[in-house]
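Subject: Handover of a structure and its salt bridges

Dear colleague,

Please find below the structure that I am handing over to you. My notes on its salt bridges follow directly after it.

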Amino acid sequence: MFFLFSVAVKMDPKMMIRPGWKPAILGLSAVFTTLVFSLLLAFALKRYASLDPSVAKPLPVIAAAQCLLSFQNVASVLTELKMIQTDLGRLAVSSAMFCDLIGICFMASAFAVLQTSGDYPMISVLAILVFVIFVLVSVYIIRPLILKSLSLVPEGRSIGESHITAIFTVLLVVGFISEMIGQHFMFGPMVIGLVVPEGPPLGAALTAKLDIPVGKILYPAFLTASGLKTDIFCIHFQGAWTVALIVFLSCVVKVGAVMLPACYMDLKIQESFVLGLMMNVRGLSELVLYNLFLDVEVLKPEAFALCVVSVILVTAITTLLIKLLYDPSSRLTPVRRRTIQYCKRGTELRILVCIHNQENVPAMVNLLEASNATEESPVTVIAVLLIELVGRANPMLIAHQSHRLLQPSSSRSGRIINALRQYELCNEACVTFQSFSSISQFDTMHEDVCRVALDQNTNIIILPFHKQWEIDGSIGSVNRAIQNMNAQVIEKSPCSVAVLVDRTTLRGSRTILNGQSSYHVAVIFIGGADDAESLSYAARMVMHPHVSLTVFRFLLLGSDNMRERKIDNNLIDEIRHVNIGNERFAYQEEIVRDSVGLAASATRLGGSFDLILVGRNHQESPLLEGLGAWIGCPELGVIGDMLAEPDFERTASILVVQQQRLKGKVMKRISKPVVIDQEPFHAT
């Protein structure tokens with residue numbers, strides 16, 4: 001009872017009632033096509049095959065159960081496979097929620113009949129009507145009462161233990177009422193779980209309270225009890241092949257029933273097949289159902305054992321096939337260059353910024369302002385708010401249209417978005433702003449970020465660093481979940497990506513939006529594609545009238561990769577030529593003998609700069625020999641990690657840039673650079 005309540009709390013009733021046309025069509029096709037076929041097959045076998053009565057009698061019930069689809073099963077398996085944030089995963093979860101609604105209606109009707117043994121049809125009809133009334137009372141009376149009590153809780157405060165105790169007491173009473181009105185005791189608590197308001201403070205608190213007693217104690221105990229009830233030695237060959245035939249053909253029919261409409265939804269045949277496999281997943285919900293059937297003696301021991309074995313085998317096979325046939329990362333592979341360096345002249349620069357908290361905003365705004373949006377080369381900013389999923393277990397990616405933005409006084413998300421919108425308002429003619437919220441667990445959040453970057457054709461993703469500095473220079477907070485997410489985005493990004501190490505706290509949150517402050521930028525250039533990308537970004541920044549740029553190029557004394565050196569020389573010569581006469585541009589070369597000299601020279605920078613750009617990876621060179629052994633944050637690369645160390649007594653923020661990778665490999669570099677979209681600025 002408590003397990004089904006916790007499952008219901010994690011479900012979104014709005015998505016169950018209004019799933020959208022795609023999940024609705026898929027759900028209806030999967031449920032009713034499988035139901036009709038499996039029942040016809042069961043009645044045919046029951047009539048023409050010689051079966052043991054203990055298997056023949058419940059055969060239609062076993063066949064009908066094959067059409068059911070549980071959100072809990074689908075969500076659990078896809079979460080384990082890290083596919084719940086994929087397009088197919090979202091479609092499967094939405095369809096499963098809609099199918100759960102159909103399944104609840106079916107099972108409520110079935111148990112109303114079973115409670116009266118089918119001998120009194122009018123009593124069964126009355127039990128169904130009373131259950132409908134109970135649902136209406138829960139929606140229109142119990143839910144408003146819960147909302148009213150929650151309105152008395154101050155904003156930002158957690159609910160008291162009295163609320164939790166009251167809800168759990170109501171569950172016990174409702175379970176008793178369910179039995180009294182002719183239903184099974186599990187249906188009442190499930191309905192109450194659906195009407196509980198989503199997310200914090202109540203939904204999240206209830207799931208947290210139930211995690212240990214249900215997830216760590218009752219759940220394993222239930223599985224153990226189910227295993228003890230399963231007597232595989234009572235299974236006979238005749239019953240085994242009959243149930244196996246029904247289960248196998250039902251799975252095949254369900255896959256076909258999903259594939260047919262999915263192909264008309266522009267899904268590939270392989271993706272449609274995988275979606276069908278996802279909707280065939282079995283699990284704990286089926287075990288609960290079969291245990292209930294065993295309790296009311298619908299299933300005999302042999303039939304129960306066959307059903308349990310079928311759940312195990314179908315889940316094992318479908319999970320393995322899904323993992324083998326579907327690679328979510330393949331959809332994130334771009335077909336063209338998405339970088340700043342190779343951004344065509346006169347086209348807009350599309351930047352995706354990830355925001356985790358309010359402290360990320362000032363540095364991001366300064367970086368966006370320094371990106372120099374003009375009418376000839378506008379900037380589109382795609383902001384993705386990183387919100388960890390709590391309460392409901394339905395991962396969502398919600399596009400916030402401008403007229404739907406939350407108000408600053410009511411939401412942290414609203415405050416962040418409005419702060420970013422100040423940048424758009426100050427550059428109204430040449431800046432476009434969009435915002436999204438990634439509401440999911442951090443271990444799958446990178447899928448959202450990469451998907452938005454691919455769909456929005458972004459040139460670069462800006463990620464927040466997982467460490468934040470206090471005003472005295474010490475590290476104030478460390479978020480390992482953000483670090484892991486950054487590493488995943490860097491590995492799978494469909495475009496260039498950068499990590500912003502924010503140190504504006506140490507310098508004071510100065511802004512260049514008002515045009516009264518100068519923004520000093522430096523580039524550490526050693527060579528390679530990533531350094532070229534960082535230099536190309538900086539070359540765009542220096543066209544801003546309040547940004548100055550100094551390029552520090554480090555050369556190894558002696559020989560080097562001549563081809564890479566030539567490409568780097570062409571890039572630097574192009575930028576220097578464009579900035580002839582620009583007093584805000586400076587170029588310095590420094591020849592060093594080894595990595596010690598490089599580290600000593602690099603660590604001297606930072607005191608007079610607001611931002612330092614550096615590539616994440618560099619071509620193999622003795623300049624970096626030995627430095628990688630001490631790296632603490634691999635996502636920053638060797639030089640970026642060295643500059644971001646707390647003992648690096650400088651106040652400059654660091655932007656570590658990685659140019660777009662294709663299938664994990666560095667793209668072939670082009671000799672002719674494309675770096676500047678505007679005419680050079682000439683000092684008078």
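A residue is called buried when its relative accessible area is under 20%, exposed when that area is over 50%, and partly exposed in between. Please note that the model is predicted.

Side chains of opposite charge can pair when their charged atoms come close. In this structure, the count comes to five salt bridges.

One of them joins Arg350 to Glu348, with the closest N and O atoms 2.6 Å apart. Arg350 counts as buried because its relative accessibility is 13%. Its partner Glu348, with a relative accessible area of 30%, is partly exposed.

A further salt bridge connects Arg661 and Asp530, where the closest N and O atoms are 2.9 Å apart. This pair links distant parts of the chain: Arg661 belongs to strand β14 (residues 661-662) and Asp530 to helix α21 (residues 529-541), 131 residues apart. Both Arg661 and Asp530 are buried.

Arg553 and Glu589 also meet through their side chains in a salt bridge, at 3.9 Å from N to O. Because Arg553 lies in strand β10 (residues 547-556) and Glu589 in strand β11 (residues 585-592), the pair ties together parts that are 36 residues apart in sequence. Arg553 has a relative accessibility of 4% and therefore counts as buried, whereas Glu589, at 47%, counts as partly exposed.

Finally, a network of salt bridges links Arg90, Asp448 and Arg451.

Yours sincerely,
A colleague

How values were computed:
Residues are numbered from 1 along each chain as its sequence is written. This is a predicted model: local features need pLDDT of at least 70, side-chain atom pairs count only at pLDDT 80 or more; totals for chains, interfaces and linings use all residues. Side-chain values use heavy atoms; hydrogens and water are left out. A salt bridge is a side-chain nitrogen of Lys or Arg within 4 Å of a carboxyl oxygen of Asp or Glu. Buried means under 20% relative accessible area, exposed over 50%, partly exposed in between (1.4 Å probe, protein chains only). Helices (H or I, at least four residues) and strands (E, at least two) are DSSP runs, numbered from the N terminus.
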